[in-house]
Amino acid sequence: MKRCLTSLMLGLLILSTIFVNAQAPVKIPYQAVLRTPGGEILANQPTLIKASVIMGQPTDDPVFSETHSVVSNPFGIISLTLGNGVPVLGSIDEINWKSGVAFLKIEIDYQNTGNYLLLGVSQILSVPYALQSGNSLNQLTGQQGQIISHDGSDWQAYDKVWVNPGVVTVDGAPTKNPEDAIFQIKNQAGETLFNVTHQGVEINLPDDGTSNGSIQVSGLSTGNNYLFMNPDSARVQFNTDGPRSEKGGFAVGGLSSGKVLSTPYFLLMPEGTLLNFDKAAAIKSEKGGFAVGGLSNQKNKHTRFHN
């Protein structure tokens with residue numbers, strides 16, 4: 001019995017966009033329901049579908065077309081994946097999704113005559129973001145581990161941040177100012193909390209009186225705070241329960257040319273506290289010392305102990 005098909009209830013379902021690698025084609029799953037003009041579901045119906053993508057206006061020529069030979073299931077549903085059909089025109093992974101409005105054109109040849117019946121052209125209301133950005137990202141040159149960032153007009157492979165297995169590296173840009181930042185962490189007010197420069201590290205704690213910022217170094221298993229600092233105090237805690245060789249301590253010292261601690265200027269141990277001063281420097285009027293002081297509102301020392 002010959003059946004005349006003049007309408008089709010279509011539904012477009014974009015489930016995902018898959019990029020296997022930079023050269024892999026875009027894949028878009030698609031589903032539709034075949035029905036007769038009276039609304040009867042066409043179950044187990046062999047059908048040849050021609051799917052095309054049009055950019056710009058619905059009446060413009062397609063930029064991509066392919067055919068799919070499918071059979072509807074007992075519920076009249078056909079399923080196919082755009083990008084996996086028999087090519088007719090262009091390639092789906094070369095479509096410039098940013099060039100304008102995208103439309104999907106569906107044609108059907110259910111009698112296998114070679115003549116397609118136009119079923120309609122529908123706007124693709126939501127193009128996956130990966131499709132929009134993927135055209136330019138796939139063409140970027142870069143090296144393994146580089147970060148892709150947007151410079152305001154285009155995507156670029158940034159060579160100052162590297163993400164490689166086991167390590168993240170941030171390289172400082174060449175500069176004549178040693179105070180230029182290499183890495184920063186700011187709060188929501190734009191204030192710098194953590195700042196790594198070419199000459200050191202700066203940590204700023206909120207001290208506005210409404211909140212007490214702090215720095216903590218704690219043990220993973222015990223939860224003990226080995227180092228705790230806030231605007232009001234600083235505390236150092238270390239192990240005092242083990243044998244002498246296993247007891248903890250705290251030291252501040254100078255580095256030798258071999259980058260090892262050669263002179264402990266300040267040493268804190270369970271047995272006692274040690275302060276060392278450079279006597280040779282004292283002869284040259286460069287006296288060493290140790291000071292503990294409170295800060296006024298102007299951040300100047302007004303009370304101190306000095307030796």
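**Exercise 1. Find the hairpin formed by β9 and β10, and say which residue in its turn has a positive phi.**

Solution. Start at the turn: β9 and β10 form a hairpin with four residues between them. In this turn Gly-152 has a positive phi of about 105 degrees. Keep in mind that you are looking at a predicted model. Next, trace the two arms. Strand β9 covers residues 146–150 and strand β10 covers residues 155–164. They pair in the antiparallel sense over five bridges. To check your view, look for Ile-148, which stands opposite Ala-157 in β10.

**Exercise 2. Which residues make the nonpolar surface patch, and which strands supply at least two of them?**

Solution. Begin with the members: Ile-147, Tyr-158, Val-163, Val-168, Val-170, Phe-183 and Ile-185 make a nonpolar surface patch of about 560 Å². Now place them on strands. β10, β11 (167–170) and β12 (181–186) each supply at least two residues of the patch. Val-163, for example, is found in strand β10.

**Exercise 3. Work out the strand order of the five-stranded open sheet and name its edge strands.**

Solution. Walk across the sheet and you meet the strands in the order β6-β4-β3-β7-β8, with antiparallel pairing. The edges are β6 (86–89) and β8 (117–123), each of which pairs on one side only. Neighbouring strands in this sheet are turned by 25 degrees against each other on average, direction ignored.

Then zoom in on one pair. Strand β3 (residues 46–55) and strand β7 (residues 102–109) run antiparallel to each other and share eight bridges. Here Ser-52 stands opposite Lys-105 in β7. As a reminder, strands of a sheet pair through backbone hydrogen bonds.

**Exercise 4. What is special about the phi of Asn-44, and where does this residue lie?**

Solution. First recall the usual case: most residues other than glycine have a negative phi. Asn-44 has a phi near 55 degrees, a positive value in a residue other than glycine. Now locate Asn-44: the loop between β2 (28–33) and β3 holds it.

**Exercise 5. Decide where the pLDDT is below 50.**

Solution. Take the overall picture first: the protein averages a pLDDT of 75, and 71% of the residues score at least 70. Among the elements, β6 has the highest mean pLDDT (95), while strand β1 (residues 9–11) has the lowest (44). Over residues 1–24 the pLDDT is below 50, although this stretch has 61 contacts in the model beyond near neighbours in sequence. Residues 301–307 also have pLDDT below 50, with 21 such contacts. A good habit to finish with: where pLDDT is low, the predicted coordinates should not be read in detail.

Notes:
Residues are numbered from 1 along each chain as its sequence is written. This is a predicted model: local features need pLDDT of at least 70, side-chain atom pairs count only at pLDDT 80 or more; totals for chains, interfaces and linings use all residues. Side-chain values use heavy atoms; hydrogens and water are left out. Two strands pair if DSSP finds at least two bridges between them. Axes are lines fitted to C-alpha atoms, for helices over the stretch in contact, and angles run from 0 to 180 degrees between N-to-C directions. pLDDT is the predictor's confidence in each residue, from 0 to 100. Contact means heavy atoms within 4.5 Å. Patches are made of residues with over 30% relative accessible area and no salt bridge: like charges are joined within 9 Å, nonpolar side chains (Val, Leu, Ile, Met, Phe, Trp, Tyr) within 5 Å. Accessible areas come from the Shrake-Rupley method with a 1.4 Å probe; for residues, only the protein chains shown count as cover. A salt bridge is a side-chain nitrogen of Lys or Arg within 4 Å of a carboxyl oxygen of Asp or Glu.
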